[in-house]
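Let's take a walk through this protein together, one piece at a time. Have a look at the fold first, and then read on.

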Amino acid sequence: MAFQTLEQFITVQQSRFPKAKGELSRLLQAISLAAKIVHREVNKAGLADILGKYGPFNVQGEEQQKLDVFADREFMDALKKGGDCCYLASEEHEQGIDLMKSTGYAGGKYMVYFDPLDGSSNIDANVPVGTIFSVYRRVSHEQSLLHESDFLQTGRQQVASGYVIYGSSTMLVYTTGQGVNGFTLDPSIGEFCLSHPNLFIPVWGTTYSVNESNYQDFAPEIKRFLQYFKNNDESDQRPFSSRYIGSLVADFHRNLIQGGIFIYPATRRYTEGKLRLMYEANPLAFIVEQAGGLAVSGREPILDILPQDLHQRTPLIIGSRDMVSLFEQFVADQALNPLDAATSFLSES
Ligand code: AHM
Ligand code: MG
């Protein structure tokens with residue numbers, strides 16, 4: 001066997017920590033099982049008449065798709081049955097579930113936040129979608145109900161995070177804070193196999209991803225930053241390419257592999273940005289930092305934001321290290337000297 005399966009990889013990683021009881025390993029395996037089931041449904045979506053809207057609206061006021069509901073149920077079930085979680089929160093539910101409150105069983109020590117099917121508005125067009133997950137260890141005493149302190153952990157306290165992309169192939173990419181590894185599903189054997197060991201994001205790229213239809217709403221530094229990308233300068237291969245799928249996992253994954261930057265700033269409609277801190281921005285920020293990149297909100301690193309609410313949103317600027325650093329420079333210039341900054345890009349072309 002020339003390849004290493006996800007299960008084998010997780011077992012080897014766990015053996016490096018003699019005191020580990022295997023709970024996190026089991027949790028990751030539960031996620032991989034749910035991912036395989038969702039992969040199966042996504043791949044036969046058109047055939048199985050599962051496409052289309054489910055009916056009710058979710059807590060964000062967005063229409064739920066059948067596959068959203070299916071994916072949510074599969075991840076919930078797999079994580080509950082694994083017995084290693086005490087709390088589960090999904091984009092599809094207004095409230096997180098304290099498993100001790102709802103089942104009386106203390107469960108494990110892990111709290112999982114997830115977006116079961118990100119980019120689901122793209123499903124009908126056969127565009128890649130994904131699952132994003134974030135894992136924390138509870139800080140309050142085990143065997144008791146969860147405490148406020150458990151919910152006030154910043155992204156830096158994540159013990160693992162990852163995503164699954166259901167694309168031209170299905171991949172699971174994750175980190176436990178020891179680097180980032182990517183696994184591609186071989187459907188013929190039903191296993192995720194290590195295909196992208198020790199992933200690093202190129203420090204610079206020539207791609208930017210943003211929904212530019214919101215341009216009029218963007219802050220001046222964002223406008224200047226985008227203008228910089230479009231200016232001609234062969235020294236750093238400008239103008240850059242604009243690539244926007246509208247599926248965060250797919251846009252992020254492409255930039256992780258090829259280098260680039262993804263930007264979803266505040267807009268008139270989404271004054272705090274559109275993307276959700278706990279199950280979209282934080283898990284991807286943990287991955288990108290582990291892969292040598294950066295993720296910021298424009299005010300602070302994403303991983304330093306103190307959460308206030310399960311579904312809170314944040315502006316997200318994430319990707320190659322030097323591109324995100326350059327963005328921060330644009331923010332700093334704008335703050336120091338708004339008038340000069342507003343015109344200085346003209347001499348940069
Ligand atoms: P969703 O979780 O409801 O699918 O929304 C999140 C999606 C992201 O995948 C994507 O990056 C973004 O919304 C696209 O938003 P927009 O259509 O405003 O560009
Ligand atoms: Mg989402």
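Before we start, one cut-off is worth having in hand: a residue is called buried when its relative accessible area is under 20%, and exposed when that figure is over 50%. Try it on lysine 109, which sits in the loop between α4 (99-103) and β5. Its relative accessibility is 14%, so lysine 109 counts as buried. Keep in mind that what you're looking at is a predicted model.

Now step back and take in the whole thing. The protein has ten helices and 15 strands. Its radius of gyration is 20 Å, close to the 20 Å that the globule rule gives for 349 residues, so the protein is as compact as a globular protein of that length. Along the principal axes, the C-alpha atoms fill a box of roughly 60 × 45 × 45 Å. With the cut-off from above, 54% of the 349 residues come out as buried.

On to the sheets. One of them is an open sheet of eight strands, and if you go across it you meet β4-β3-β5-β6-β7-β8-β9-β10, with mixed pairing. At the edges stand β4 (97-98) and β10 (191-196), each with a single partner strand, so one side of each has no neighbour in the sheet. Inside this sheet, have a look at β7 (residues 158-166) and β8 (residues 170-175): they pair in the antiparallel sense over six bridges. Isoleucine 165 is a handy marker here, as it stands opposite methionine 171 in β8. For a sense of distance, go back to lysine 109: its C-alpha is 28 Å from that of leucine 194, a residue 85 positions away in sequence.

There is also an open sheet of five strands, again with mixed pairing, in the order β12-β11-β13-β15-β14. Its edge strands are β12 (241-242) and β14 (294-296), each of which pairs on one side only. Let's zoom in on β13 (residues 261-264). What does β13 do with strand β11 (residues 207-209)? The two pair in the parallel sense, over two bridges, and serine 209 stands opposite phenylalanine 262 in β13. With β15 (residues 316-319), β13 pairs in the antiparallel sense over four bridges. There, isoleucine 263 has isoleucine 317 as its bridge partner.

The side chains of β13 are worth a look too. In a regular strand, side chains alternate between the two faces of the sheet. In β13, Ile261 and Ile263 point one way while Phe262 and Tyr264 point the other, and all of them are buried.

Follow the chain on from β13 and you come to a loop that leads to α8, and arginine 276 is in that loop. Buried or exposed, by its relative accessibility? Arginine 276 counts as buried, at 3%. Its C-alpha lies 4.2 Å from that of arginine 313, although the two are 37 residues apart in sequence.

Next comes α8 itself, a helix that is mostly covered: twelve of its 14 residues are buried. Among them are Leu277, Tyr279, Glu280 and Phe286. After α8 comes glycine 292, which has a positive phi, near 95°.

Glu280 brings us to the metal site. Which residues coordinate the magnesium ion (ligand 2)? They are Asp115 (OD), Asp118 (OD) and Glu280 (OE), at 1.9 to 2.2 Å. Along the chain, these donors follow the spacing D-x2-D-x161-E. Aspartate 115 belongs to strand β5 (residues 110-118) and glutamate 280 to helix α8 (residues 277-290), so this pair ties together parts that are 165 residues apart in sequence. Both aspartate 115 and glutamate 280 are buried.

Last stop: the second largest pocket, with a volume of about 460 Å³. It is lined by 20 residues, and those nearest its centre are Phe17, Ala20, Leu24, Tyr110 and Arg137. Helices α1 (6-15) and α2 (23-43) each supply at least two residues of this lining, and α2 gives the most, with four. Sorted by class, the lining has eight nonpolar, seven polar and five charged residues.

Terms used: Residues numbered from 1 in each chain as written. Chains lettered and ligands numbered in written order. Predicted model: local features only at pLDDT ≥ 70, side-chain atom pairs only at ≥ 80, totals over all residues. Heavy atoms only, no water. Donors = N, O, S within 2.8 Å, 3.2 Å for Na, K, Ca; no water. Buried < 20%, exposed > 50% of the residue type's maximum accessible area, 1.4 Å probe, protein only. 1 Å grid on protein atoms, 1.4 Å probe; cavity = no way out; pocket = protein on both sides within 12 Å on 5 of 7 lines; lining within 4 Å. Points joined across faces, edges and corners; volume = space filled by probe spheres on them. Nonpolar A, V, L, I, M, F, W, Y, C, P; charged D, E, K, R; others polar. Pairing = 2+ DSSP bridges. Rg over C-alpha atoms; globule rule 2.2 N^0.38 Å.
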